[in-house]
Each structure stands twice: as C-alpha cells, then as structure tokens.
Amino acid sequence: METLPKAISLYEPMGLSGDRRITQRFPMPGEPDFSRLDLATFVDDLRHLRLRYHSQRRDAAVASPMRRAMIRLIGTRALATYRIAKLMPYRQTLIWKDPLAVFCIPEGADNDFRSVVTFRPPLAQAASYRRLGWLPKIREIYDRYRSVYGAVAVVEDRLDQLEFDSVGAGALLWHLIHLRLLNLSGASLETAYLFAPAVTGESEAVAYEHLFHWLGYDMPARAQALLAERQAGVGRDVPKSGKTHDWNRTAEQANSYWNKVLSEDEACLVRDVNDDLWNEVQGVIQTRRAFSAGAEVAVRG
C-alpha cells in the first residue's frame, strides 16, 4: 500500500502509544468514551496530521538497550511514522495501518475513508498471540462489545475458561471481530475491501492487482518487485520470538505457520470456538468481495 504515489503511512494511531484521545483497546463507535462524533473528529485530525501522541515509554520494559535508546530519540514506530508523514511534501493518500481500528470500518461511508482488511484464519491469528505471548484483555473488550452490539453466546460460554489463556483469548477476540464484520451491509460494504487470497484461491500477485484496481490505481512497479522478493523465499515460515512483523513473509507463510506453534490441543480449542463462524466467513468471502476484518484503513484526502 505504501507504494502508492504520494502516499504516507501512519502506524497504529489508535494503539497504546498512539493518539491520546484513544483510551480503549479496539474503540467501538457509539460507546460512552468514543462516540461517532469522536471518531469523525479523530479521522479529520488524522487526515490533517493534527494528532497528539501518548508517552512513548510503552516498550521500555521489554526493549533491548538499543531499542530503548531509539524510543527516547524518535519515539515508538507510531510516533516515528507520524513525524515522517508531517515532513513529506505533496501528500495525496494517507494509509492508516491499524488493526485496532477494525470496529470503525462500518463508519467509512460517513467519514470518507475506505478500508482494506486482510483476512487471516482463526488458527493463524491464535498462533500469533501464542508466539508473541499476547493476552488481549478479552473480558474488558467483550463487556464494551456487549454494551454496543449485544451478547455473543460463544464468548459468554467460554469467557471464564479462556480469559487468561493467550490462545483462547485470541480465539474469542477473532470471533468478536469477524461476527461483527459479517453484519456489514449497504454503504459499509461499498467502502470496505476484503483481502483474502487464501480463501479466494488467487495468487498473492493477482490479489494485490485487484486491490490496487479497487483503489483506483495500477499496481506500482515497486509493489510488484516486493511481491517477487517475498515469493523468492526471503521471509521466515515462523518469525523470531518477539518479532511482531516479518515484512518479507508471503500471505501463505503468515497463514500457515500455526501448525509449528500451536499444540494439538490448542488447535482443537481454536477450531471448537471458531470453525462454524470461519466456515460462514469463507462462504461470504467467496460470494461477496466488498467486505472486511483486522485492519488497514486507507484515508483519501
């Protein structure tokens, strides 16, 4: 996406080290601390690069000495991308790269942004949580979700059992996100693009060609070159422990390394929680393109 002409990219402005007004993980428009007007104001300030960032000490406890020095000098990746963006002349397209924005996708039509959502199977997402040791605050997230969107039986039944298990909590979070996105309709579908080559059967190159066409561009030569590098096998099947992103992995690698990370029992747990919903999601993907989940939001303007 960053290969688009005159594009700038912001990394997780809704994250823990992002904009100060975002006080919840996965903000949901319509909840008491994040109204739809709050979202509209945030998007306008985002578009005009008027954000104010949290303290940049988030990674200090776990970062290496070199990383801590870099954070003190330039801030976390979130702030660094913002500072770089403000220095870029002739900005045309802003890429808002932020999985925490997933519940804002239905508001795209009202706030003049389009969403590109990369779909990962539930086993792949659970493996990421397992590998990185992430434990989403699923009870807090679900309490807010229930107050805005209503109760979810699967989560109600499994929350006490899985709340403090990274794989189980990750599986429940996958369920909430995808259940919500299955309900997209009308204008929300027109402003969201489902990117899921693993489900559609497209090659990664063809999938990206379709994506760029939806955005109104031919696929840039730089994007083609990056995809060719990935296909050459530069990325790791399983990223290093603690490494959040491996930019050289193909989509296939990102979605298939779970069987080297999850135990048989953990894989069974994820399937038990999400197989029915995943089958439904795949059916929707195969029959309807303009649909979404887990988030890269392109803001034009």
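In this predicted model, the largest cavity holds about 40 Å³ of space, and it belongs to a count of 2 cavities of 30 Å³ or more. The residues that line the largest cavity are R21, I22, T23, Q24, P27, E31, D33 and F34. When these lining residues are sorted by class, 3 are nonpolar, 2 are polar and 3 are charged.

The chain as a whole contains 14 helices and 5 strands. Of its 301 residues, 51% are buried, and the accessible surface of the chain amounts to about 14,600 Å², with carbon and sulfur atoms contributing 50% of that area. The contacts can also be sorted by how far apart the partners stand in the sequence: among contacts between residues at least 6 apart, 76% join residues that are at least 24 apart.

Several individual positions illustrate such separations along the chain. Y53 is placed in the loop between α1, which covers residues 36-47, and α2, which covers residues 65-74. Its relative accessibility is 8%, and Y53 is therefore counted as buried, since the term applies to values under 20%. Apart from residues up to four places away in sequence, Y53 touches P13, S17, G18, D19, R20, A78, L79 and Y82. For one of these partners, P13, a distance is also available: the C-alpha atoms of Y53 and P13 are separated by 8.2 Å, although the two residues are 40 residues apart along the chain.

A second buried position in a loop is D98, which is found between β2 (93-97) and α4 (108-111). With a relative accessible area of 0%, D98 falls under the 20% limit and is therefore classed as buried. The C-alpha atom of D98 is separated by 8.2 Å from that of L10, a residue that is 88 residues away along the chain.

L173, by contrast with a loop position, lies in helix α8, which is formed by residues 166-181. The relative accessible area of L173 is 0%, so that L173 too is buried. When neighbours within four places in sequence are left aside, the residues in contact with L173 are F26, Q125, Y129, P136, I138 and I141. A further distance concerns K137, whose C-alpha atom is 9.2 Å from that of L173, with their positions 36 residues apart in sequence.

Another loop position, S263, is found between α13 (251-256) and α14 (264-287). The relative accessibility of S263 is 35%, and S263 is therefore described as partly exposed, because this value lies between the limits of 20% and 50%. S263 and A127 are 136 residues apart in sequence, while their C-alpha atoms are 9.7 Å apart in space.

The backbone shows positive phi values at K6 and at E12, neither of which is a glycine. K6, with phi near 55°, is located in the segment before β1, the strand made of residues 7-11. E12, with phi near 45°, lies in the loop between β1 and α1. At a relative accessibility of 14%, E12 is under the 20% limit and therefore counts as buried.

Cysteines were considered next. A disulfide is a covalent bond between the sulfur atoms of two cysteines. A search of the whole structure for such bonds finds 0 disulfides. Two cysteines may nevertheless be described by their surroundings: C104 has a relative accessibility of 1% and is therefore buried, whereas C268 has a relative accessibility of 42% and is therefore partly exposed.

Technical notes:
Residues numbered from 1 in each chain as written. Predicted model: local features only at pLDDT ≥ 70, side-chain atom pairs only at ≥ 80, totals over all residues. Heavy atoms only, no water. 1 Å grid on protein atoms, 1.4 Å probe; cavity = no way out; pocket = protein on both sides within 12 Å on 5 of 7 lines; lining within 4 Å. Points joined across faces, edges and corners; volume = space filled by probe spheres on them. Nonpolar A, V, L, I, M, F, W, Y, C, P; charged D, E, K, R; others polar. Disulfide = S-S within 2.5 Å. Buried < 20%, exposed > 50% of the residue type's maximum accessible area, 1.4 Å probe, protein only. Helix = DSSP H or I, 4+ residues; strand = E, 2+ residues; numbered from the N terminus. Contact = heavy atoms within 4.5 Å. Areas by Shrake-Rupley, 256 points an atom, 1.4 Å probe, with all protein chains shown as cover.
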